[in-house]
Amino acid sequence: MPQHKSRHSTGRGRLCCRACPVHSVPPMTVAPPERSAATPVRGRLSLFSWLMLALGTFGFAAFWVLLSLAFDRQYHWMAVIGALDIAWMLRLAGWRPGRRRALAALVATVLIVVTANWGIAAGQIGVLMGLDPVASAAKLGPNFFWNLFQLANSGLELVWLAIALAVAALASR
């Protein structure tokens with residue numbers, strides 16, 4: 001075996017030899033971590049993140065509509081559950097904590113409330129007119145919806161909706 005200096009180098013930054021068991025092993029390299037589809041790159045959100053947000057928003061609104069039409073009640077407390085669901089979906093989708101995620105949760109919660117109330121109103125009016133909820137929702141105009149929304153939501157119902165917005169902002173930070 002060749003004689004080695006204590007630092008295994010020639011003093012000029014080169015290795016002493018290639019036959020040395022210390023230097024014959026290639027240096028260890030660290031591979032960069034693999035990115036998943038949900039991991040945002042440089043602050044950008046992937047398509048998966050946006051699809052998860054849309055799925056959470058409209059999926060929960062559909063669930064709320066089905067529950068309300070099945071039992072013939074509004075169930076305004078479902079807005080709070082929807083806000084928690086959206087906060088959870090944003091975390092699963094890889095949204096980074098901060099104002100952007102809180103704003104996305106607020107917008108999604110408002111969209112859940114509007115979509116669910118539109119579907120509930122369309123379902124209840126559609127039954128009276130002999131239409132299914134989808135056909136009735138297409139015929140329901142914004143002015144008629146706003147009148148029905150004001151009639152169905154007052155007092156305690158609006159408190160539930162305000163609590164839902166606060167929960168969405170706090171749970172998604």
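Trainee: Which helix does V159 lie in?

Mentor: V159 lies in helix 6, and keep in mind that this is a predicted model.

Trainee: What makes V159 part of a nonpolar patch on the surface?

Mentor: Patch members need over 30% relative accessible area and no salt bridge, and nonpolar side chains are joined within 5 Å. V159 is grouped with W77, I81, L84, L156, W160 and I163, so these residues satisfy that rule. Together they have about 630 Å² of accessible area.

Trainee: Which helix gives the most to the nonpolar patch?

Mentor: That's helix 6, with four residues. Helix 2 (78-92) also gives two or more.

Trainee: Okay, how do you know that helix 1 and helix 3 meet?

Mentor: Contact means heavy atoms within 4.5 Å, so the listed residues pass that cut-off: among them, F58 and W64 in helix 1, and L111 and I120 in helix 3. The two axes come within 8 Å and cross at roughly 35°.

Trainee: What is the make-up of that contact by class?

Mentor: The contact of helix 1 with helix 3 has 14 nonpolar, eight polar and no charged residues.

Definitions and conventions:
Residues numbered from 1 in each chain as written. Predicted model: local features only at pLDDT ≥ 70, side-chain atom pairs only at ≥ 80, totals over all residues. Heavy atoms only, no water. Axes fitted to C-alpha atoms, helices over the stretch in contact; angles between N-to-C directions. Nonpolar A, V, L, I, M, F, W, Y, C, P; charged D, E, K, R; others polar. Patch = residues over 30% accessible without salt bridge, like charges linked within 9 Å, V, L, I, M, F, W, Y side chains within 5 Å. Areas by Shrake-Rupley, 256 points an atom, 1.4 Å probe, with all protein chains shown as cover. Salt bridge = Lys/Arg side-chain N within 4 Å of Asp/Glu carboxyl O.
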